Amino acid sequence: MSPPSGQHLYPARHGYAVEGSPFIPTRLACAASQYYGIAGSGTLLILEETELGIALVKSCEWSDGLFDVAWSETNENVLAAGGGDGSLQLWDSSSNHSAPLRVAREHTQEVYSVHWSQTRGENLLVSGSWDQTAKVWDPTLSKSLTTLKGHEGVIYSTVWSPHIPGCFASASGDGTLRVWDIKSAACRLAIPAHKSEILSCDWCKYDEHMVVTGAVDCSVCVWDLRNPRQPVCQPLVGHSYAIRRVKFSPFSRTVLASCSYDFSVRFWDYSSSQPLLETVEHHSEFVCGVDFSLHTPNQDQLLVLWTETLEPCTHRRRSTGKYKGWFNLQYQKLTLWTLKQHSPGVS
């Protein structure tokens, strides 16, 4: 494990999500909010990995908190962000203008998740909101192409299948993982994956049938969509607080990462008899965001991730009067880690 590098990049903002660029190896984006996301404005931070640490390249201001960010899969300068005012915005990181390219305002509550489609022949966005709906958009954001309803709780996570066109998964506070077909605008599969709120899901990059979930019950579960009655292995346990995000490795079929409000990031190989590969406990606050780099120089030896930190908060958002989950960010900090790949079965 290499020593961490990081710095306070924007002390007046508190980060909620981070994503590495699919085009530029050293480029990152962070969605951040003022006053812990309870009130005030938000900032989209464009960041660069340098020899001295993480440097700020550009910041874009928004009138409400920003809670998720996604890079375009077709344009290296374009990003989408989801806001606490229910808006979805498109931004150009190369532009000198401070305003977004486009803004959509169809959601009635916070947009907590945005994701760009990853299959060839598609260029679509999906957004998930506290209004219990998911919406699909083309890059013009002029009007949503379809609205998907079925969840009975807040939608925390939406992620496109990297294999199946027109298909995405969503995770909700109602404890279900759902798989949607946008052509029929219908839910094709609903899995009661956890007995508590599910805060994150992700699709395996190598197997179209495998999806992972992370929940408030502190467990990570891997699901085979062909046999959804039970997880493919015993739930991955070890975290002591709710799991905020889960991510499959882009280089290993059975390796994934999870980050939690217990201050830790954990790496797993769910095919191993000893699935826990590594626990990173260098954070002093709750960990909110994690992402793998797509640009490691040696895919068999290196994994890179970015994390953010947050702290418990019991304040309510002014716009909805609802608790913003259990946790909100105390301050925004990014840390870059390099982790050597473990062989299966090694902890």
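## Salt bridges and strands in a predicted model

Let's start with a pair of charged side chains: aspartate 207 and arginine 253 meet in a salt bridge, 2.7 Å from N to O. A salt bridge here is a side-chain nitrogen of Lys or Arg within 4 Å of a carboxyl oxygen of Asp or Glu. Aspartate 207 sits in the loop between β18 (198–203) and β19, and arginine 253 in the loop between β22 (243–248) and β23, so the pair ties together parts that are 46 residues apart in sequence. Aspartate 207 counts as buried at 11% relative accessibility, while arginine 253 is partly exposed at 38%. For those words, buried means under 20% relative accessible area, exposed over 50%, and partly exposed in between (1.4 Å probe, protein chains only).

A word on the ground rules. This is a predicted model, where local features need pLDDT of at least 70, side-chain atom pairs count only at pLDDT 80 or more, and totals for chains, interfaces and linings use all residues. Residues are numbered from 1 along each chain as its sequence is written, and side-chain values use heavy atoms, leaving out hydrogens and water.

Now the other bridges. The whole structure has 9 salt bridges, and here are three of them.

| Pair | Closest N to O distance |
|---|---|
| arginine 27 and glutamate 48 | 2.4 Å |
| aspartate 207 and arginine 253 | 2.7 Å |
| arginine 188 and aspartate 181 | 3.5 Å |

In the pair of arginine 27 and glutamate 48, both residues are buried. With arginine 188 and aspartate 181, it's a mixed picture: arginine 188 is exposed at 56% relative accessibility, whereas aspartate 181 is buried at 18%.

What about a charged residue without such a partner? Aspartate 269, in strand β24 (residues 265–269), is buried yet has no salt bridge. Its nearest side chain of opposite charge (Lys and Arg count as positive, Asp and Glu as negative; His and the chain ends are not counted) is arginine 253, 7.8 Å away. Aspartate 269 does have polar contacts between side chains, with threonine 254 at 2.6 Å and with serine 271 at 2.7 Å. A polar contact is a pair of N or O atoms within 3.5 Å; within protein, one must be able to donate a hydrogen and the other to accept it, and residues adjacent in sequence count only if both atoms are side-chain atoms.

Stepping back to the whole chain, there are 0 helices and 29 strands. Helices (H or I, at least four residues) and strands (E, at least two) are DSSP runs, numbered from the N terminus. Of the 347 residues, 61% count as buried. A UniProt record, from an unreviewed entry, places the feature "repeat: WD" at several stretches, including residues 69–101 and 191–227. Residues 69–101 are 42% strand, with end C-alpha atoms 15 Å apart; residues 191–227 are 51% strand, with ends 10 Å apart.

Backbone angles offer a couple of oddities. Most residues other than glycine have a negative phi. Cysteine 218 has a positive phi, near 75°, in the loop between β19 (210–215) and β20 (219–224). Phenylalanine 263 has a positive phi of about 75° too, and lies in the loop between β23 (255–260) and β24.

How confident is the predictor? The chain averages a pLDDT (confidence in each residue, from 0 to 100) of 84, and 81% of the residues score at least 70. Over residues 1–7 the pLDDT is below 50, and likewise over residues 309–333. Where pLDDT is low, the predicted coordinates should not be read in detail.

Note on methods: pLDDT is the predictor's confidence in each residue, from 0 to 100. Contact means heavy atoms within 4.5 Å. UniProt positions are given in the numbering used here, feature names are shortened, and annotations may be inferred rather than shown by experiment.
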